[in-house]
Amino acid sequence: MPSQFPGVDPYIEGSGLWPDFDHEFITAWRGVLRRALPKHYEARINEEIHLVDLPSGGMRKILPDVAVERRESYPAPAEPASWQPSPATVTLPLPLDEEEVRESWIEIHHRPDRSLVAVLELLSPTNKRGESRSKYLAKRKTVLRNRVHLVEVDLLIEGGRLAPPYEYPTADFVALLARADRVGVCEVRCWNLPDRLPHLAIPLKPPDADVTIDLQEVFDRAFDQGAYAETMDYHRPPGVKLSQANSAWLAERARAVQG
């Protein structure tokens, strides 16, 4: 079932399903991109797994599902005189102060040498906070210094922007395009919650022209494939902080979705 919103469904951000949605969006983006790319290009998904610190007070405890205990009803086998009975297995809390985060992105390569032409990123909540923010910004600089195009899409309302030295225009969502041949500047597309996602230019290797991707088609594919409409509870607030205007618009829209 497709999304009932004209653009981004903000309930995804507040639902705890962002890692799953990230996977679906990247997969859908690659599918739409493959259809648009010339034959001498390929789009591949790459990923990195790393550990990030849990927020203060966010320590989790994991308890095993099954505790195995020694049963005295079974006869013990004969053992040497030095044998000592082992203690019963007990269940103990296992505190964790880190969580595993999987970051995925798309790389466009030029054939036949498979040279890297562009990197396409969907920002995640972890990209926008703490140590992971610093790591992502370092990665962004590495991409740009290697004269590779960067396309960066931010569909998250919360967390602040990963702004360049200057500030983005005020908007709910942004997409950044940094071209390899235009060092020090970038193109920024902005839109708001009630708006449809824009069409986005994806640059290739000169002299090949840009290809254009409909981000709304990508979002709709990801939303449908993830079956998120079956999970969202539109009777409740979305779980993200909205402006007064967006809150009023969303309440009206949610009532329409509920029928």
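1. Helices and strands first. In this predicted model, the chain has 4 helices and 10 strands. Going along the sequence, they come in the order α-β-β-β-β-β-α-β-β-β-β-β-α-α.

2. Now the chain as a whole. It has 259 residues, and 39% of them count as buried. Among contacts with a separation of 6 or more, 67% are between residues 24 or more positions apart. The exposed area comes to about 15100 Å², with carbon and sulfur atoms supplying 52% of it.

3. Have a look at α1, which covers residues 18–36. From first C-alpha to last, its 19 residues reach 26 Å, close to the 27 Å expected at 1.5 Å a residue. The buried residues here include the aromatic side chains of W18, F21, F25 and W29. Charged residues are on the buried list too: D22, E24 and R30. The rest of that list is I26, A28, V32 and L33.

4. Then go to α2, residues 130–145. This helix has 16 residues and spans 23 Å between its end C-alphas, close to the expected 22 Å. Which residues of α2 are buried? They are S132, Y136, R140 and V143. Looking down the helix axis, you'll find these buried residues within an arc of 80°, so they line one face of α2. Turned away from that buried side are the exposed residues E131 and R145. Just past the helix, check R147: it follows α2 and has a positive phi, near 55°.

5. Strand β9 is a short stretch to step through by eye, residues 199–202. Its side chains alternate: L200 and I202 point to one face and are buried. H199 and A201 point to the other face and are not buried. The partner to look for is β10, residues 211–214, which pairs with β9 in the antiparallel sense over 4 bridges. Within this pair, H199 sits opposite D214 of β10.

6. Last, the cysteines. How many disulfides does the structure hold? The count is 0. As a reminder, a disulfide is a covalent bond between the sulfur atoms of two cysteines. Are C186 and C190 buried, partly exposed or exposed? C186 has 22% relative accessibility, so it counts as partly exposed. C190 is partly exposed as well, because its relative accessible area is 32%. Both values fall between the cut-offs, with buried meaning under 20% and exposed over 50%.

Technical notes:
Residues numbered from 1 in each chain as written. Predicted model: local features only at pLDDT ≥ 70, side-chain atom pairs only at ≥ 80, totals over all residues. Heavy atoms only, no water. Disulfide = S-S within 2.5 Å. Buried < 20%, exposed > 50% of the residue type's maximum accessible area, 1.4 Å probe, protein only. Helix = DSSP H or I, 4+ residues; strand = E, 2+ residues; numbered from the N terminus. Expected span 1.5 Å × (residues − 1). Arc of directions from axis to C-beta. Contact = heavy atoms within 4.5 Å. Areas by Shrake-Rupley, 256 points an atom, 1.4 Å probe, with all protein chains shown as cover. Pairing = 2+ DSSP bridges.
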